[in-house]
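Student: I have just opened this one and don't know my way around yet. Could you walk me through it?

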Amino acid sequence: MNRPVMPDALAGAAPLCVVERTCGLSPALDAAAAAAPDTHRFLRRGWFAAALAHYGAANQAWTVSVTRADGAVALALPLVPRGPAWLRAAALPGCYWPFRSFPLAEDARDDELGAALEALGRDTRLLRIGPVYADDPALMRLRTVAEAAGWRALSRRIATSYLLDIDAACAEGNWPRNSTLRKNRFHEKHLAAHGALEWRFVSGSDWTPEVFDDLAAIEEKSWIAERTDGADAKFTQAGHGGFWRAAAEDPEIAAAMWAAILYVEGKPAAFSFDLNQRRIKYAIANSYDPVFSKHSPGKLLYYRNLVRAAEDGIGRVDWGAGDSGYKRVIGAEQGPEIVDLLFAAPGLPATLARVFGRLWSVTGQ
């Protein structure tokens, strides 16, 4: 059986890779993201910087990166401490949406992942990655190499994701259905009685403080503010608004951020917010002003958004966790499980994880 070749083991030979432990967020994150699959290219330094700035631990972060002899970055693993210092636990930072993972080059080798784990294991006993999809390619590669090296991976279920296959729906023809379009035109006609309708798409340089304010204004009038404490709102000051405003400072992330917004007589009434990555759309949030609920403004908007996505070449929509009913009505089906992973380093941590692992697996939400 082949074993990962670590740089320290290459006596007298030029190392296949160099492992670095950098205080803070390394510029290597951008290089690794550029070499990652299309689905993961938003995992740039600006993404993690926005998370640390909004959620805390900015002064405690460090990065483990692996660079090849030719200067190409194979992977970059941003980390923050978790729990008491004696536990020596670390976690991957980031925003919950669409998932927490790390940039890994598509052609990364097992020995490069092994080198990163060896360096990490020198001062870290536990590593948490999640919530993340169970079939996330970076996670699956890391788990395979880690377990071969003696790490123990504990998984707990968080939720089930939902996916809409736009390519398949379009291939079947008549999508959206004529009956759906007729209903939508009926609702639009009656919604227009409240004032002139404006359908706007926002991305890239279109992201301004005023646009973020419009999204926040919709959420502040929505069911989120009425039925909850508002902590889960994506754009309000009390919610996650600081994260998205900071993330948009990276032009490449701003170009991926996408919003469809409905204005009624010049006032923001509904929005759908996504992160577009080549042919996949991560559907992150949607909301509407309940004063218009009788005319289904949210439904009207996301159908327009999906049609535009198909026109732009997007082939799949990832709706994320759970379904209150509307996702399956649109045609979404259950996708991969969303999980939380805890990696215990070889030796005593892995042994204890084997004994107490069930405590972790039964605490998922």
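Tutor: Let us begin at one small spot, keeping in mind that this is a predicted model. Helix H11 is followed by Gly-313, and the phi of Gly-313 is positive, near 90°.

Student: What is H11 itself like, in residues and in reach from its first C-alpha to its last?

Tutor: H11 has 15 residues and reaches 21 Å from its first C-alpha to its last, close to the 21 Å expected at 1.5 Å a residue. Several of its residues are buried, including Leu-300, Leu-301, Tyr-302, Tyr-303 and Leu-306.

Student: And what sits in the loop before H11?

Tutor: Ser-296 lies there, in the loop between strand S10 (280-288) and H11. Its phi is near 55°, which is a positive value in a residue other than glycine, and at 22% relative accessibility Ser-296 counts as partly exposed.

Student: Which sign of phi do most residues other than glycine have?

Tutor: Most residues other than glycine have a negative phi, and most peptide bonds are trans. Arg-88, in the loop between strand S3 (73-82) and S4, is not a glycine and yet has a positive phi of about 50°. Arg-88 is partly exposed, with a relative accessible area of 32%.

Student: You mentioned peptide bonds, so which bond is cis at Pro-98?

Tutor: The bond that joins Trp-97 and Pro-98 is cis, with omega at about -5°, and Pro-98 is found in the loop between strand S4 (89-91) and helix H3 (110-121). The bond from Trp-175 to Pro-176 is cis as well, with omega near -10°, and Pro-176 is in the loop between helix H5 (166-172) and H6.

Student: OK, on to H6, then. Which of its residues are buried?

Tutor: The buried residues of H6 are Thr-180, Asn-184, His-187, Glu-188 and Leu-191. They cover an arc of only 105° around the axis, which puts them on the same side of H6. The face turned away from that buried side carries the exposed residues Arg-182, Arg-185 and Lys-189.

Student: What covers the buried residues?

Tutor: The cover includes strand S7 (197-203), strand S8 (257-264) and the helix we began with, H11 (297-311).

Student: Where is His-194, and is it buried or exposed?

Tutor: His-194 is in the loop between H6 and S7, and with a relative accessible area of 41% it is partly exposed. Leaving aside neighbours within four places in sequence, His-194 is in contact with Val-264, Glu-265, Phe-292 and His-295.

Student: Now the inside. Which residues touch the most other members of the largest nonpolar core?

Tutor: That core has 49 residues, and Trp-47, Trp-207, Trp-244, Met-257 and Phe-273 touch the most other members. Not counting residues up to four places away in sequence, Trp-244 touches, among others, Trp-47, Cys-95, Phe-212 and Ile-284. Apart from this core lies another, of 33 residues, among them Ala-90, Ala-116, Trp-151 and Ala-345.

Student: Zooming out, how many helices and strands are there?

Tutor: There are 13 helices and twelve strands in the protein. The radius of gyration is 22 Å, close to the 21 Å that the globule rule gives for 365 residues, so the protein is as compact as a globular protein of that length.

Student: How much of the protein is buried?

Tutor: Of the 365 residues, 51% count as buried. The protein exposes about 17,300 Å², and carbon and sulfur atoms supply 52% of that area.

Terms used. Residues are numbered from 1 along each chain as its sequence is written. This is a predicted model: local features need pLDDT of at least 70, side-chain atom pairs count only at pLDDT 80 or more; totals for chains, interfaces and linings use all residues. Side-chain values use heavy atoms; hydrogens and water are left out. Buried means under 20% relative accessible area, exposed over 50%, partly exposed in between (1.4 Å probe, protein chains only). Helices (H or I, at least four residues) and strands (E, at least two) are DSSP runs, numbered from the N terminus. The arc is that of the directions from the helix axis to the C-beta atoms. Contact means heavy atoms within 4.5 Å. The radius of gyration is taken over C-alpha atoms; the globule rule is 2.2 Å times the number of residues to the power 0.38. Accessible areas come from the Shrake-Rupley method with a 1.4 Å probe; for residues, only the protein chains shown count as cover. A nonpolar core is a set of buried Ala, Val, Leu, Ile, Met, Phe, Trp, Tyr and Cys residues joined through side-chain atoms within 4.5 Å. The expected span of a helix is 1.5 Å times one less than its number of residues.
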